[in-house]
Amino acid sequence: MNTFLPCFIAASVLAAVSFPHQSAAQDAAVVQGEAIAREADRRDKGFMDSITRVEMVLTDKTGNEARRTLTIKTLQSQIDGVGDKNMVVFHAPLDLQGTALLTHSGVENEDRQWLYLPTLKRVKRVSSSNRAGSFVASEFSYEDMMHLQVEHYKHRYLDTVRCGDLKCFKLERTPRAEDSGYKRQIAYIDSLHYRVHRIDYFNRQNNHIKTLYATNWRVYKNMFWRAANTSMVNHQTGKTTHLIWGDFSFRNGFASTEFSRTAMAN
């Protein structure tokens, strides 16, 4: 007589009866995490589109700096199941002038990215297998340049902690995309305005490799919050990429055609 299977079933039933609170607590953490993420997303709805000038400062572990200037504009999706569109265009230095990255963030569909290289005068698709690669030698990956969609992650509430003078929800975000460069992320979102102040990034081996810090927040139109400074710190290389954001202009009436592959070369 095989006694293993009945014993295994009995042990499983006993575990379910003895520790039902563990499963319930995990489920509650997921529900709370999803609710926090969706509230943060809801509070940023309605800006329609935006554009801003950005200075990118690359600093190596010895303190040497390289500077770049670029424009970032975004078109917010008004259609369910369709993600936002984002265009990054470099103005300086000369060897990067005209380089552009176009991102169509998917919700139900796959994210798509294209890179325009003026020296080659052609647009090439950024494959999903390369999303973990460095974007123009910065500490941001191509994946980091995608406009965040709630549907991109599974969320789980971990804790409420202090972040400066505020309290922050500590959320674990697990990418749904199998080809993501990250196993998970830990995001700190303040409970007052639901702004992301910090994100810890863990690679596929679950090593903490990078941290993003967002500071000097400004509010536009009394409702849209944007950080004036963001820094991505690479804990493996000692390098940092700092973004200094100019003033944002919202609701400019951008057309969808301005976020096309054809528009990248103009």
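A charge sits over a ring if NZ of Lys or CZ of Arg is within 6 Å of the ring centre and within 35 degrees of the ring normal. With that in hand, here's a look at the rings in this predicted model.

Two arginines fit the bill. Arg173 has its charged end over the ring of Tyr153, and Arg184 does likewise with the ring of Phe202. The distances from charge to ring centre go like this:

| Charged residue | Ring | Distance to ring centre |
|---|---|---|
| Arg173 | Tyr153 | 4.8 Å |
| Arg184 | Phe202 | 4.0 Å |

Now for rings paired with rings. Searching the whole structure turns up 12 aromatic pairs. Take Phe169 and Tyr194: their ring centres are 5.7 Å apart and the planes meet at 45 degrees, so this pair counts as tilted. Phe169 belongs to strand β8 (residues 166-175), while Tyr194 is in the loop between β9 (182-190) and β10 (196-203), so the pair ties together parts 25 residues apart in sequence. Are these two buried or exposed? Phe169 is buried, at 13% relative accessibility, and Tyr194 is buried too, with a relative accessible area of 17%.

Ring pairs also build a cluster: Phe47, Tyr220, Phe224, Trp245, Phe248 and Phe250 are linked this way.

Away from the rings, there's Ser77. You'll find Ser77 in the loop between β2 (65-75) and β3 (82-92). Ser77 has a relative accessibility of 16%, and because buried means under 20%, Ser77 counts as buried. What does Ser77 touch, leaving aside its neighbours within four places in sequence? Its contacts are Val82, Gly83 and Asp84.

Definitions and conventions:
Residues numbered from 1 in each chain as written. Predicted model: local features only at pLDDT ≥ 70, side-chain atom pairs only at ≥ 80, totals over all residues. Heavy atoms only, no water. Phe/Tyr/Trp six-rings, centres within 6.5 Å; stacked < 30°, edge-to-face > 60°. Helix = DSSP H or I, 4+ residues; strand = E, 2+ residues; numbered from the N terminus. Buried < 20%, exposed > 50% of the residue type's maximum accessible area, 1.4 Å probe, protein only. Contact = heavy atoms within 4.5 Å.
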